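Visitor: Hello! I would like a close look at a single part of this protein, namely how its aromatic rings sit together. Could you walk me through it?

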Amino acid sequence: MPYQSPISPGRSWYEDSAGPRPEYPTLDGDRQADVVIVGGGFTGLSAAVHLAKAGTNVVLIESYRFGDGASGRNGGQMGTGQRAWAEELESEYGLTRARALFDLAEEAKAHLIDFSTANGIEIDYMPGQLSVAHKPRYVDDYKAHAEIMATRFNYPHITFMDARETAERLGSTLYYGGSRDTGTGHIHPLKLVIGTARAAAAAGAHIFENTQATSIAAQGGKVKVTTARGTITADKCLLAANAYGGDLEPVSASHIMPIGSFIGATVPLGDELKVLPGGESVDDSRFVVRYFRKSKDNRLLFGGREVYAVNDPKDIHIHIRKQITEIYPALKDVEITHGWGGYVGITVPRKPFVREVMPNVLSIGGYSGHGVMLSNFFGKLYAETVSGNRDRLKLIEELKIPPFPGGRRFRAPLLFLALNWFALRDRI
């Protein structure tokens, strides 16, 4: 029987195309470390690589298998900048800080490519991203955005597309315009997870799968992470569980909310269909965003159904097919070979959450759908803080991230109501 993630629904096309997926041992017995990392996604594994290469004694534990969470199951789009547009950050924080946040994200983009190359990880990088408007009133925003990025943020790679060019590049007439970004691209995320885990182990990090943290406590200048079969005592702890942290640590739980995001993969498409002839990835202007791209073997990978609760939806294929057909009517009968989901960590303002949640315990997550690029780099930035340089990560720590309203009991129902209201706005 093929392996099925116990925490994420469906089996992904990534799992069937990534090649060998090594298994790592379960922690058995107590350990001492300089740093303990809880969570084996992009952030935690990246931090483990950089820490181990710097000579740090690091122990990383993952509750299930590396790649079972969002890092191994996401849409693979890198994006540009932070989750919010640079001009939105400028209006909130001023131009100087907005530029610093944008430049940090650009460094994250370059780091992801350089890291993969340096560690021999084939991530199936494909260039280009289209961002498209699903309503006419948004078109002017995309036109202004391209100009602002070139003139105020020194990023000349975004160009405006009118309706005709948008239709040609998409192979669909559903959208009204948008922008094309030639300075970014999309990847195979599970290959990156597998390769980063290998790099961490090769660098000397002690990494363990199927090892769930049951408690974290800071006492006597040390951090103790307890598991079913051993306790790890360390000087510092990185909490990198993101959407899968549950109630392990209450501050992170109150600021990071899991939402389910679901993807379908079709059979390889024939070139005659003219779907995304340039090979770019796509995101649209809906609050409940639709995102899609073609794989290297010409499959359409389509994500577009978010669920604002942790219950797994049924019939992923049916909902994904409906959305594919709206954009590409010729694909109404296309075979969907895979349907899967994962849980993304979001924050109220859709900006990353970085905070010291107890002495010597730093929590990082809440990438809000923009984690493919940022999370790997934030792992590197965490390693920098351990060596004494916290300045760059401070840019993110100082962002205004309020907790979700409603407390532990009511925050999920309130979020469900609020975000479904936004989904209704997308349709009218």
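Visitor: How many aromatic pairs does the count come to?

Guide: Happy to take you through them. Please keep in mind that this is a predicted model. The count comes to 10 aromatic pairs. Let's begin with tyrosine 244 and tyrosine 343: their ring centres are 6.2 Å apart and their planes meet at 75 degrees, so this pair is edge-to-face, a label for angles over 60. Tyrosine 244 belongs to the loop between β9 (230–239) and α8 (250–255), while tyrosine 343 belongs to strand β14 (residues 336–346), so the pair ties together parts that are 99 residues apart in sequence. As for their surroundings, tyrosine 244 is partly exposed, with a relative accessible area of 28%, whereas tyrosine 343 is buried at 5%.

Now for another pair, tyrosine 367 with phenylalanine 378. Here the ring centres lie 5.6 Å apart and the planes are at 50 degrees, so the pair counts as tilted. Tyrosine 367 is in the loop between β16 (361–365) and α10 (371–386), and phenylalanine 378 is in helix α10, 11 residues apart. Both rings' residues are tucked away: tyrosine 367 is buried with a relative accessible area of 5%, and phenylalanine 378 is buried at 0%.

Ring pairs can also join up into a group. Trp13, Tyr14 and Trp340 are linked by them into a cluster. Finally, a ring can have a charged neighbour: arginine 65 lies over the face of tyrosine 3, at 5.0 Å from the ring centre.

Note on methods
Residues are numbered from 1 along each chain as its sequence is written. This is a predicted model: local features need pLDDT of at least 70, side-chain atom pairs count only at pLDDT 80 or more; totals for chains, interfaces and linings use all residues. Side-chain values use heavy atoms; hydrogens and water are left out. Rings of Phe, Tyr and Trp (its six-membered ring) pair if their centres lie within 6.5 Å; planes under 30 degrees apart count as stacked, over 60 as edge-to-face and the rest as tilted. Helices (H or I, at least four residues) and strands (E, at least two) are DSSP runs, numbered from the N terminus. Buried means under 20% relative accessible area, exposed over 50%, partly exposed in between (1.4 Å probe, protein chains only). A charge sits over a ring if NZ of Lys or CZ of Arg is within 6 Å of the ring centre and within 35 degrees of the ring normal.
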